[in-house]
Amino acid sequence: MRFENVCLESIGYVLPKEVVTSEQVEQQLASVYERLGLPEGRLELMTGIRERRFFPPRSQPGPISAVAARMAIEASGLPVDKLGALLHGSVCRDQMEPATANLVHYRAGLPNTALVLDLSNACLGLLNGAVMLAQMIELGQIQAGVIVGAEIGRPLVEGTIDSLIRDETLTRKSIKPAFASLTIGSASAAFVLCHKDLSQKGTRLLGGEWMCDTEAHLLCAGGVESEEHGDSRPRMETDSEALLHAGIKLAKATWERTKKTLEWTDQDVDRAFTHQVGKAHRNLLMEGLGLSTDCDFPIYDRFGNTGSAALPLSLALGAEQGFVQPDSRTALLGIGSGLNSLMLGLDWKTVGVKGTVWEG
């Protein structure tokens, strides 16, 4: 997968205002911790996640994604009529029908000639959407497009806490599949990609590779089971240890293919941005890929796992803070439950970045 004509022009993002610490989460679970004899501070100690953020109760992803899309469009400097596609790629969506992308398209003010649709692939949705836009640009179908998503983590975390408190049969072993759900945060992010002839920034999307390991599709699975849990909030079960090792194995194989496609070596990589899960994932991933932890930009400690928005948000904040310098070879190392991995390479010059805090 090589691209000759595609540029990453800008990134937009929206952050929630409310900060929820891991200590606060554990305070809500005090009765469970006491009953099971779990030590305080376990959540942050095991994951490295100090805090995460939540949008206000009953927030929907569509209106938030619309703001992130507008941020990215404004940062790109491109005329709106050049945008030929609007894709919404997060796990969270407003409803089953119509596609959340329709509301985002309407509020972002894109032309009615644009392709509008939702796509979903767990934590890889936004990267998958970027590839779809790149392919359309490369084929000459569109000149530019937007991929955006917003993850609303509050219902999953709060629903998991309530379920754990109510479960009188809970043991140290049976609590483990719910533990990863407590690491989830909220955020929204958007990419604008365009043809190189339109680009004012010059950051080329070079290409990359994807791979899958669908034998592992049940290692992390979630959804709404109202009859079992008594409400419509989602729940998720994760075999964290098995998922970690299966994910690293898949990532290593994908990285080897990606390097061949891009004609890179490990030493060629100046900066890397990964899916933000926690400290164990970060350390094992960078070690397994043969990359130094000095080249990546972790944000999980303050935002938790924000799903499909995690890698784009890390890239946006890294760019904003000057972590990526012009002429850097930059790797985007994505992975999502399923398991699926998608890795891309950028010839970095500069990108427009614009973000805001959601006031609700």
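**Group meeting: helix α6, the core and some backbone exceptions**

Let me start at Leu139, which lies in the loop between α6 and β6 (144–151), where helices (H or I, at least four residues) and strands (E, at least two) are DSSP runs numbered from the N terminus. I should say at once that this is a predicted model, in which local features need pLDDT of at least 70 and side-chain atom pairs count only at pLDDT 80 or more, while totals for chains, interfaces and linings use all residues. Residues are numbered from 1 along each chain as its sequence is written, and side-chain values use heavy atoms, with hydrogens and water left out.

Is Leu139 buried or exposed? Leu139 is exposed, with a relative accessible area of 65%; here buried means under 20% relative accessible area, exposed over 50%, and partly exposed in between, with a 1.4 Å probe and protein chains only. The C-alpha atoms of Leu139 and Asn5 are separated by 9.4 Å, although these residues are 134 apart along the chain.

The helix α6 itself has 14 residues and reaches 20 Å from its first C-alpha to its last, close to the 20 Å expected at 1.5 Å a residue, the expected span being 1.5 Å times one less than the number of residues. Because 10 of its 14 residues are buried, α6 is largely enclosed by the rest of the structure; among the buried residues are Leu126, Ala130, Leu133, Ala134 and Ile137. The helix is followed by Gly140, whose phi is positive, near 80 degrees.

That leads to the largest nonpolar core, meaning a set of buried Ala, Val, Leu, Ile, Met, Phe, Trp, Tyr and Cys residues joined through side-chain atoms within 4.5 Å. Of its 44 residues, Phe191 and Leu193 touch the most other members. The elements that give two or more residues to this core include β1 (6–16), β4 (83–88), α6 (125–138) and β7 (187–195), and the largest share, 8 residues, comes from α6. Leaving aside residues up to four places away in sequence, Leu193 touches, among others, Val6, Leu8, Ala130, Ala134, Ile137 and Leu205, where contact means heavy atoms within 4.5 Å.

A second helix to look at is α4 (residues 61–76), whose 16 residues reach 22 Å from first C-alpha to last, close to the 22 Å expected. Since 14 of the 16 residues of α4 are buried, this helix too is largely enclosed by the rest of the structure, and just after it Gly77 takes a positive phi of about 75 degrees.

Finally, the backbone exceptions. Most residues other than glycine have a negative phi, and most peptide bonds are trans. Arg58, in the loop between β3 (51–54) and α4, has a positive phi of about 70 degrees although it is not a glycine, and at 80% relative accessibility Arg58 counts as exposed. Asp327, found in the loop between α13 and β12, likewise has a positive phi of about 70 degrees without being a glycine, and at 53% relative accessibility Asp327 counts as exposed.

Which residues are joined by a cis peptide bond? One such bond joins Glu97 and Pro98, with omega about -5 degrees, and Pro98 lies in the loop between β4 and α5 (100–108). The peptide bond from Gly338 to Leu339 is also cis, with omega near -20 degrees, and Leu339 has its place in the loop between β12 (328–336) and β13.
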